[in-house]
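Hi,

Here is the structure I said I would pass on. Have a look at it first, and then read my notes underneath.

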Amino acid sequence: MPPIRTSKPPTEPAEEPTCRECRQTAHVLGIKIDRVKKGDLVAHERLCQGLDPTGKPLGLPTACLAPGCEITADGALAWVHHYRRVHTISISLEFTLKQLRLRYQKDLLPDFDMNAGWGSHLTKQSPFFASLEIQKLHNESSNPWSFTPKHKDVLQKFRSSFREFFGATPLSFHQHVSDISPILVARVITFLEENSVEPVSGKITASQRKAPQFAAFEGQFGAYYGPLAHGGSNNESHRIGPTPIILSLDLASNKEKLKTKFKSLVKAGYIAVIMEVVRQTDGHILSQLQWEAICQCCQSTGLYLIVDESLTAIRCGAPFGHQLPQFCNYKPSFVFFGKALSPGLGIFWDGVRIDRFEVGERADVLALWDFLPSLVQEPAATLRSWGTIVLAQREDWPKRAKNVGRILRDVLREMYPGVDLRGEAALIYIPTTVSRIADVIGAATPTYCRWMPYLDLGMMEERQVRAMFGTQSHSLRQTLKVTLGRMNKFCIICSEEAADSFDFCERCCGHICSVCKGEDGSSFQRHSEGRYLA
Ligand SMILES: [Zn+2]
Ligand SMILES: [Zn+2]
Ligand SMILES: [Zn+2]
Ligand SMILES: [Zn+2]
């Protein structure tokens, strides 16, 4: 029997005290021996960020982790005092930098909520804390009266940040993307015609001016009212007003037929056609040939082109989905944006048919345009949108979307070999039959469930993401329940938000709606019999 070691092996007496996180000696860290005894090294250790992947020590955080706290401090003890005094947190062996991060930076955690407010949230960070400037303006905007003189300046900064990142200029702002009317688009075009330095040919026709309408390609985003109430098959019974023109995407595979169709639409008063590069009902991706045919036919027939980017922006691995490499030969006339970017209409100055206008100084034209609407946008909406862009640019969210999408798709393919995954990057379409047993909250559509994960750091770590799936994920899910403090009330089986009662499954930490509970199928049995997460 080998001897049982009851004490630590003797260490070299001359060994210098060293941080266990970054492995630097007290000497290198600038902590004198007498201060080591007084606890300076222990304090350092509890706040130390460890090593980066290349083995370089990361030191201590340079700014306070609490949102809105502008303090920067030097040295571990200064931080210990700061957290105790200002935030009433004592840094201890049990409450180190790691716990501090979890408390303040929920974006470091993974999450099995892939509904994210129907895609409204790209992050758990607050966009109002994206920069000190935005944070300050947000505080000031709590009094709308005193904020009025600054509002125009904010709008200008937001627009230039938007243009720098997306290439388009936001023109008008809305409560919801479905509020954008064909009349508004016709107004923008007549405005550009009136203000063009050079006379333009092919002005909008009398019927486009009198009763403008939108046409749309099939399978589009299913709004319940407004000109966007086209696509969702479940919407027919809710639809009010004339039946919209819905075009089959197959039409775009035959350029001559498409051209003839567009000509007849222009004649009938249609001002623009709306499309998406990832079809919202089933995640089908437009082909390059179809995209180019649509752009060319719009250009030659007088129909303007709108790309709805409400869900595809950033998530698809490019600022806008239509900026993915295969679509780069053309730009649309307009984009709809929404969700995390407060909803609005953007214009591409060099887009289809807009490139004919010669408007001189764009800033002057915009000032003139802003004069037309009575209120451009609420400051909070502008600041939210601006903050989101600042974060997206600083942290390269399009790249993150590609990574997060790849990790989740890899996990799903391993768990369900041969699964038909659609969509692009972090806009994932998964067959409903699979999503019902994947124990993840998605955003329901009839045959495919959409997964719209947060693009936070917590979703970038493959090991963490994998730990959310399968039988081992119980403990991580419990931790998330406690740390995040709220669980999305969408059914973990059908991904529907139901108004009636829910059961909470303690094992997978998901809600189960009464419809799914009442069903004969095996989806609910998995949870009731503990065969969850497998
Ligand atoms: Zn250290
Ligand atoms: Zn602080
Ligand atoms: Zn359900
Ligand atoms: Zn369960």
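The chain has 20 helices and 13 strands, and please keep in mind that this is a predicted model. Of its 534 residues, 51% are buried. Among the contacts in the chain with a separation of 6 or more, 65% are between residues 24 or more positions apart.

**Aromatic rings**

I went through the rings to begin with. The count comes to 15 aromatic pairs. One of them is Y304 with F334, a tilted pair with 6.4 Å from centre to centre and 45° between the planes. This pair links distant parts of the chain, since Y304 sits in strand β5 (residues 304-308) and F334 in strand β6 (residues 334-337), 30 residues apart. Are the two rings on buried or exposed residues? Y304 is buried, with a relative accessible area of 0%, and F334 is buried too, also at 0%.

There is also a cluster to look at: F158, F162, F165, F166, F173, F320, F337 and F348 come together as one aromatic cluster.

Two rings have a charged side chain over the face. K124 lies over Y454, 4.3 Å from the ring centre. R477 does this for F112, at 4.1 Å from the ring centre.

**I314, between β5 and β6**

Now for the loop between β5 and β6, which is where I314 is found. I314 has a relative accessibility of 1%, so it counts as buried. What does I314 touch, if we leave aside its neighbours within four places in sequence? The contacts are L122, F165, F166, P319, A392, W397, P398, A401 and L455. F165 and F166 in that list are also members of the aromatic cluster. As for A392, it is 78 residues from I314 in sequence, yet their C-alpha atoms are 8.0 Å apart in space.

**The zinc ion and the residues around 436 and 496**

Which residues hold the zinc ion (ligand 4)? It is coordinated by C505 through SG, C508 through SG and H527 through ND1, at 2.0 to 2.3 Å. Along the sequence these donor residues follow the spacing C-x2-C-x18-H. Both cysteines are buried: C505 has a relative accessible area of 8%, and C508 is at 0%.

E496 is in the loop between α18 (474-484) and β12 (502-505). Its relative accessibility is 40%, so E496 counts as partly exposed. Not counting residues up to four places away in sequence, E496 touches A444, F490, C491 and F502. E496 and I512 are 16 residues apart in sequence, with 9.6 Å between their C-alpha atoms.

R436 is in another loop, the one between α16 (432-435) and β10 (443-444). Is R436 buried or exposed? With 18% relative accessibility, R436 counts as buried, because the cut-off for buried is under 20%. Apart from neighbours within four places in sequence, R436 is in contact with I493, C494, C516, E519, S523 and R526.

**A78**

Back towards the start of the numbering, A78 lies in helix α4 (residues 76-87). A78 is partly exposed, at 31% relative accessibility. Its C-alpha is 9.6 Å from that of A43, and the two are 35 residues apart in sequence.

**Cavities**

Last, the empty space. Rolling a probe the size of a water molecule over the atoms shows where such space is left. How many cavities of 30 Å³ or more turn up? A search of the whole structure finds five. The largest cavity has a volume of about 90 Å³. Its lining is made up of F217, E218, Q220, L249, M275, E276, V277, R279, H284 and L286.

If you want somewhere to begin when you open the model, I would go to the zinc ion (ligand 4) with C505, C508 and H527 around it, then to I314 in the loop between β5 and β6, and then to the residues that line the largest cavity, including F217 and L286.

Cheers

Notes:
Residues are numbered from 1 along each chain as its sequence is written. Chains are lettered from A and ligands numbered from 1 in the order in which they are written. This is a predicted model: local features need pLDDT of at least 70, side-chain atom pairs count only at pLDDT 80 or more; totals for chains, interfaces and linings use all residues. Side-chain values use heavy atoms; hydrogens and water are left out. Helices (H or I, at least four residues) and strands (E, at least two) are DSSP runs, numbered from the N terminus. Buried means under 20% relative accessible area, exposed over 50%, partly exposed in between (1.4 Å probe, protein chains only). Contact means heavy atoms within 4.5 Å. Rings of Phe, Tyr and Trp (its six-membered ring) pair if their centres lie within 6.5 Å; planes under 30 degrees apart count as stacked, over 60 as edge-to-face and the rest as tilted. A charge sits over a ring if NZ of Lys or CZ of Arg is within 6 Å of the ring centre and within 35 degrees of the ring normal. Donors are N, O and S atoms within 2.8 Å of the metal (3.2 Å for Na, K and Ca); water is not among the atoms, so sites may look incomplete. On a 1 Å grid over the protein atoms alone, a cavity is a set of points where a 1.4 Å probe fits but cannot get out, and a pocket is an open set with protein on both sides within 12 Å along at least five of seven lines; lining residues have an atom within 4 Å of a point. Grid points are joined across faces, edges and corners, and a volume is the space filled by probe spheres set on the points.
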